[in-house]
Amino acid sequence: AARGEGGRRDRGRSAKGGMAAKKGEVGERMKAMRQHRPPERRARLGQRLQAMQRQTPDYDLKDLGRSEHVGPYSCEMWQATRDGKAINEYCVAPKASLTGGDELVTATHKASLIAADVASASPLMARAVSPIYKLYGKLDGFPIMTRHIFGDKTHEETFVTSIEKKSLPADQFAISKGFTQVTPGKSDAGN
């Protein structure tokens, strides 16, 4: 991540901190809106919000025990559920069968950890989203097909059509002029 001139931060510098700040802003706006409502409506809304915060969905990931072929890939079907209802199906190709599979799966697991950490800035978001990323981080392969389920029907399917591995020039990762590198999550007091 990088910091621009004048102290502005580039995207991703501290995504978790940004989420926490945004949550605080939204909380203050909601609090102001509640104050203008009649007392009985405020009480009902407060009860609903507390109930939502107490509810923690139960996520699970299970092997469906069947294989499929997606394009040139053979893969195993997995299903993610929330409170016992199917939300996604993944056709997971073993990393050994994919070009750069070890690197791809390692990067996916790291991204899952980062996403779960960012979501942890908001307790409500952490309960609803973090478990999904934790499940995704358990897959020992790469989902070459993701099927999103809404109700009993497939809502959307996403497919990987090809994977290639190539080196990219180092200058594509250079920090732009006027920015300096910072480590996300570390204090940068005094800057």
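Which residues does Thr-81 touch, not counting residues up to four places away in sequence? The views below begin with this residue and then move outward through a structure that is a predicted model.

**View 1. Thr-81 and the residues around it in the predicted model.**
Thr-81 is found in strand 3, which covers residues 73-82. Leaving aside residues up to four places away in sequence, Thr-81 touches Asp-58, Tyr-59, Asp-60, Ala-86 and Ile-87. The relative accessible area of Thr-81 is 9%, and because the cut-off for a buried residue is under 20%, Thr-81 counts as buried.

**View 2. Asp-83 in the loop between strand 3 and strand 4.**
Asp-83 has a positive phi of about 50°, although it is not a glycine. With a relative accessible area of 52%, Asp-83 is exposed, whereas Thr-81, in strand 3, is buried.

**View 3. The open sheet and the order of its strands.**
The sheet is formed by 5 strands in the order 2-3-4-5-6, and their pairing is antiparallel. Strand 2 (59-70) and strand 6 are the edge strands, each of them pairing on one side only. On average, neighbouring strands of this sheet are turned by 25° against each other, with direction ignored. Strand 2 and strand 3 run antiparallel and are joined by 9 bridges, and Lys-62 stands opposite Gln-79 in strand 3.

**View 4. Strand 5 between its partners, strand 4 and strand 6.**
Strand 4 (residues 85-94) and strand 5 run antiparallel, with 7 bridges joining them; Tyr-90 has Thr-146 in strand 5 as its bridge partner. Strand 5 also pairs in the antiparallel sense with strand 6 (residues 153-159), over 6 bridges. Why can strand 5 be described as largely enclosed by the rest of the structure? Strand 5 spans residues 141-150, and 8 of its 10 residues are buried, so the strand is largely enclosed by the rest of the structure.

**View 5. The hairpin of strand 5 and strand 6.**
Between strand 5 and strand 6 there are 2 residues, and the two strands form a hairpin. Gly-151, which lies in the turn, has a positive phi of about 70°. Phe-150 has Lys-153 in strand 6 as its bridge partner.

**View 6. The second largest pocket and its lining.**
Rolling a probe the size of a water molecule over the atoms shows where empty space is left. The second largest pocket has a volume of about 180 Å³. Its lining consists of Arg-82, Lys-85, Ala-86, Ile-87, Asn-88, His-148, Ile-149, Phe-150 and Gly-151. Strand 4 and strand 5 each supply at least two residues of this lining, and the largest share, 4 residues, comes from strand 4. Sorted by class, the lining has 4 nonpolar, 3 polar and 2 charged residues. Several of these residues can also be found in the earlier views: Ala-86 and Ile-87 are among the residues that Thr-81 touches, while Gly-151 lies in the turn of the hairpin.

Conventions:
Residues are numbered from 1 along each chain as its sequence is written. This is a predicted model: local features need pLDDT of at least 70, side-chain atom pairs count only at pLDDT 80 or more; totals for chains, interfaces and linings use all residues. Side-chain values use heavy atoms; hydrogens and water are left out. Buried means under 20% relative accessible area, exposed over 50%, partly exposed in between (1.4 Å probe, protein chains only). Two strands pair if DSSP finds at least two bridges between them. Contact means heavy atoms within 4.5 Å. On a 1 Å grid over the protein atoms alone, a cavity is a set of points where a 1.4 Å probe fits but cannot get out, and a pocket is an open set with protein on both sides within 12 Å along at least five of seven lines; lining residues have an atom within 4 Å of a point. Grid points are joined across faces, edges and corners, and a volume is the space filled by probe spheres set on the points. Ala, Val, Leu, Ile, Met, Phe, Trp, Tyr, Cys and Pro count as nonpolar, Asp, Glu, Lys and Arg as charged, and the others, Gly among them, as polar. Axes are lines fitted to C-alpha atoms, for helices over the stretch in contact, and angles run from 0 to 180 degrees between N-to-C directions.
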